[in-house]
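Visitor: Got a minute to walk me through this one? I'd like to go element by element.
Guide: Sure, here it is.

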Amino acid sequence: MKILTTTWSYDKDFDIKSTTLWQSFIKNNNPENFIHVHYNRNQFTTLEKEFKQRFGFQYEYILYKIFLLKDFIKNNIDDDIIFCDANDTACLSCIDNIKPKETDVIFSREINQYPSSLGDWGDNVQWSINEINNRLFLNAGLLISTSSNYIKLLTSVVDNILAKDLKSFGGDQGVYTYHYLLKNTPEIILDENNNIFLSTFNRDIAHFKKEELPCFIHDNGFDHGSPRFIENFNLISNEQ
């Protein structure tokens, strides 16, 4: 099993060791199982211009987390993969006993609906009443898959979803949500009960205990006022 994360900036390098993901991961895992892919945006100016024109807001998430990542995985990784965003996630335990599904890709579930509007996606690409009522929404910051299924997923969304050129995707999360709602293969399933992942946006921290948290925490939405579980539960410190 490998942890995979991507970053992008206008610098040649990125200090991955300064992130919460790295600092938490190495407490219980072999650093050799951590794969960091950094993209220097200066090297992709033509693609940046194209993707910005096609997808608008958060186009770079689609470019660097989907389009370019597909070939990297295909050429470099044969192991099972847990993908994590780098700057707002934490790994709380050993990943060796976590196994992906043989045919599906598991994504984190969040209770906040993003993209908030699917108005131009068509009647067949909408959240169900059950998903809306129970707040069962996809979060793209955490997923687990075999490498072969991950490649199949990325290939499918590049060939079938990106071709729609919808600016309403709002980044990679919208692209994966579109695939999920169509039930395309490989099928995406959500970690509805937070057995592996917990995305914390709009969660009430008072309802959680540190010792009951799953392996991965994603503090999505902390910049919008959502509580930071990583800080509140002191998840990076060596102090117990």
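Visitor: How many bridges join β3 to β6?
Guide: Four, and the two strands run antiparallel. Keep in mind that this is a predicted model. One pair to look at is F83, which stands opposite L143 in β6.

Visitor: Which residue of β5 stands opposite L143?
Guide: F107. β5 and β6 pair in the antiparallel sense, over five bridges.

Visitor: Back to β3. What about β1, parallel or antiparallel to β3?
Guide: Parallel. Three bridges join β1, residues 2-9, to β3. In that pairing, I3 has I82 as its bridge partner.

Visitor: Which way do the β3 side chains point?
Guide: I81 and F83 point one way, I82 and C84 the other. All four are buried.

Visitor: What is the strand order in the sheet of six?
Guide: β2-β1-β3-β6-β5-β7. The sheet is open and the pairing is mixed.

Visitor: Which strands sit at the edges?
Guide: β2, residues 34-40, and β7. Each pairs on one side only.

Visitor: And the twist, what does it average?
Guide: 35° from one strand to the next.

Visitor: Which helices lie across these strands?
Guide: Let's take α5 and α6. α5 lies across β1, β3, β5, β6 and β7, and runs at about 140° to β6. α6 lies across β5, β6 and β7, at about 85° to β6.

Visitor: Stay with α6. How many of its residues are buried?
Guide: Ten of the eleven. The helix covers residues 172-182, and it is largely enclosed by the rest of the structure because so many of its residues are buried. The buried ones include D172, Y176, H179 and L181.

Visitor: What do those buried residues pack against?
Guide: Helices and strands. The helices are α3, α4 (129-133) and α5. The strands are β5 (105-110), β6 (137-145) and β7 (188-191).

Visitor: What comes just after α6?
Guide: K183, with a positive phi of about 60°.

Visitor: Now helix packing. At what angle do α3 and α5 pack?
Guide: About 145°, with their axes 9 Å apart. α3 is residues 59-76 and α5 is residues 147-161. The crossing is left-handed.

Visitor: Which residues meet there?
Guide: From α3, you have K65, I66, F67, L69, K70, I73 and K74. From α5, you have S147, Y150, I151, L154, T155, V157 and V158. By class, that contact has nine nonpolar, two polar and three charged residues.

Visitor: K65 caught my eye. What does its side chain contact?
Guide: The side chain of D85, in a polar contact at 2.9 Å.

Visitor: Where is D85?
Guide: In the loop between β3 (81-84) and β4.

Visitor: Buried or exposed?
Guide: Buried. The relative accessible area of D85 is 17%, and the cut-off for buried is under 20%.

Visitor: What else does D85 touch?
Guide: Leaving out residues up to four places away in sequence, D85 touches T5, L21, K65, G141 and H218.

Visitor: You mentioned β4. What sheet is β4 in?
Guide: An open sheet of three strands, in the order β4-β9-β8. The pairing is mixed.

Visitor: Why is one side of β4 left without a neighbour?
Guide: Because β4 (89-91) stands at an edge and has a single partner strand. The same goes for β8 (197-199). The twist in this sheet averages 10° from one strand to the next.

Visitor: How many bridges join β4 to β9?
Guide: Three, with the strands running antiparallel. β9 is residues 216-218. C91 stands opposite F216 in β9.

Visitor: Last topic, the loops. Where does I26 lie?
Guide: In the loop between α1 (20-25) and β2. I26 counts as partly exposed, at 36% relative accessibility.

Visitor: How far apart are I26 and E192?
Guide: Their C-alpha atoms are separated by 27 Å. Along the chain, I26 and E192 are 166 residues apart.

How values were computed. Residues are numbered from 1 along each chain as its sequence is written. This is a predicted model: local features need pLDDT of at least 70, side-chain atom pairs count only at pLDDT 80 or more; totals for chains, interfaces and linings use all residues. Side-chain values use heavy atoms; hydrogens and water are left out. Axes are lines fitted to C-alpha atoms, for helices over the stretch in contact, and angles run from 0 to 180 degrees between N-to-C directions. A crossing is left-handed if the near helix is turned anticlockwise from the far one by less than a right angle, and right-handed if clockwise. Contact means heavy atoms within 4.5 Å. Ala, Val, Leu, Ile, Met, Phe, Trp, Tyr, Cys and Pro count as nonpolar, Asp, Glu, Lys and Arg as charged, and the others, Gly among them, as polar. Two strands pair if DSSP finds at least two bridges between them. Buried means under 20% relative accessible area, exposed over 50%, partly exposed in between (1.4 Å probe, protein chains only). A polar contact is a pair of N or O atoms within 3.5 Å; within protein, one must be able to donate a hydrogen and the other to accept it, and residues adjacent in sequence count only if both atoms are side-chain atoms.
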